[in-house]
Amino acid sequence: MTPPVASLWRRLLAWWPRIARILTLAVSIVVVVLLVKLGRGIDWREVFLAARGISGPTLWAAGALALSGYAAYSGIDYLARRFLNHAQTIWKTLAIAAASYAFNVNFGVLLGSVGVRLRLYRTLGLRHAATAGVVLFGSVTNWLGYCWMGGIFFFGAVPRTLAAWGIRPEATRAAGAVLLLVACAYMFLCATAARRRWTFRGHPLAFPSVWMALAQSGLAVVSWNIVALILYLLLERQVSYPDVLGITLLSSVAALVAHVPGGLGVTEVVFVDALSGQLGAHEVLGAVLMYRVLYQWVPLCVALPGYLAVELRARHASCGAGGHDLPEEPYER
């Protein structure tokens, strides 16, 4: 890296926290304004009627897809178990992944994918270093799938919804090219890295094999497509699947930038605004509401008692050992 480029990179890193805060504030303001505008013009009785009007077969199909989505996401933790070779059993690994995902889609990444997953793995006996590795592996896998889907989608086609927002094809194709480049770079590193393990600030890092990277890509792509497919079905197939997929990808990033837990309000605003020329707002909101019921709230109602049961069991075991906390386990090396 040449000195001018290195200097520019250092400045960018120094300014990035401020840039991120400004970007987050801007997105949050836009979301709040659109939410207020949306709330004033919506008859919520019509929204609930639209949600109740979704056909039974469609709800059953969406529910089956929701179950498949959790299975696909749990498979990512199974891959992490294979890659890290940790000692947790397969069934506990899958259950922890599904529970943490339910918290993640409702309350955000910090509480779900990080907080709950770390707590459950730690409570069930896995060491800190292995648990952190599972979280990192899952995060990389999830966004690797996003890069593949977003790259192929935005580089290959510009849907009508994006064109209606005034987003030029050149901008979307440039974004798609960057996402594809990131995904390809990861695959290249996995395929060619001579030294598979490094140490960064005292933490071991490693790239998986190219076959593991392909499995990561496949599961993550399936997971993202399932979310879009559920919304496509709940919209009664009145909107093309590519349009629904594009809106889903955009709303996910908007929710991440705005730091809104579960994308509550953000997903609704993006979908209503994007489909304003094709469907009524109450129809769109009814579909998104039913999506939240099937993919977020019902799984949370199942995961929450399980999480509390693990916590109570751990407290009981701690009290039985003399009222002291469980001993700290050394970090893996």
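In the predicted model, D77 and R117 form a salt bridge in which the closest N and O atoms are 3.1 Å apart; a salt bridge is defined here as a side-chain nitrogen of Lys or Arg within 4 Å of a carboxyl oxygen of Asp or Glu. D77 belongs to helix α3 (residues 56–84) and R117 to helix α5 (residues 110–123), so the pair ties together parts that are 40 residues apart in sequence. Helices (H or I, at least four residues) and strands (E, at least two) are DSSP runs numbered from the N terminus. D77 is buried, with a relative accessible area of 1%, and R117 is likewise buried, with a value of 1%. The burial classes are set as follows: buried means under 20% relative accessible area, exposed over 50%, and partly exposed in between, with a 1.4 Å probe and protein chains only.

The model is a prediction in which local features need pLDDT of at least 70 and side-chain atom pairs count only at pLDDT 80 or more, whereas totals for chains, interfaces and linings use all residues. Residues are numbered from 1 along each chain as its sequence is written, and side-chain values use heavy atoms, with hydrogens and water left out.

The structure holds three salt bridges. In another of these, R119 pairs with E311, the closest N and O atoms being 2.7 Å apart. R119 lies in helix α5 and E311 in helix α12, so this pair ties together parts that are 192 residues apart in sequence. R119 is partly exposed, with a relative accessible area of 38%, whereas E311 is buried at 12%. A salt bridge is also formed by E268 and R292, for which the closest N and O atoms are 2.6 Å apart. This pair links distant parts of the chain, with E268 in helix α11 (residues 266–274) and R292 in helix α12, 24 residues apart. E268 is buried, with a relative accessible area of 12%, and R292 is buried at 3%.

Regarding the overall fold, the secondary structure comprises twelve helices and two strands. From the N terminus on, the elements run α-α-α-α-α-α-α-α-β-β-α-α-α-α. Of the 333 residues in the protein, 41% are buried. Among contacts with a separation of 6 or more, 70% are between residues 24 or more positions apart, a contact being heavy atoms within 4.5 Å. The protein exposes about 18400 Å², of which carbon and sulfur atoms supply 69%; accessible areas come from the Shrake-Rupley method with a 1.4 Å probe, and for residues only the protein chains shown count as cover.

In soluble globular proteins, nonpolar side chains tend to be buried together. A nonpolar core is taken here as a set of buried Ala, Val, Leu, Ile, Met, Phe, Trp, Tyr and Cys residues joined through side-chain atoms within 4.5 Å. The largest such core has 59 residues, of which I230, L234, L235, F271 and Y295 touch the most other members. Helix α12 (residues 281–320) gives the most to this core, with twelve residues. When residues up to four places away in sequence are not counted, L235 touches V244, F271, L275, L279, E283, V284 and A287. Apart from the largest core lies another, of 17 residues, among them C147, A183, Y186 and A228.

C147 is buried, with 10% relative accessibility, whereas C301 is exposed at 56%. With a disulfide defined as a pair of cysteine sulfur atoms within 2.5 Å, the count comes to zero disulfides. The cysteine sulfur closest to that of C147 is in C184, at 9.9 Å, too far for a bond.

At the surface, L136, V140 and L205 make a nonpolar patch of about 220 Å². Patches are made of residues with over 30% relative accessible area and no salt bridge, like charges being joined within 9 Å and nonpolar side chains (Val, Leu, Ile, Met, Phe, Trp, Tyr) within 5 Å. L136 is found in helix α6 (residues 128–156) and is partly exposed, with a relative accessible area of 48%.

Two loop residues other than glycine have positive phi values. For N85, phi is near 55°; N85 is placed in the loop between α3 and α4 (90–107) and is exposed, with a relative accessible area of 66%. For R237, phi is near 60°, and R237 is placed in the loop between α9 (210–234) and α10 (241–258).
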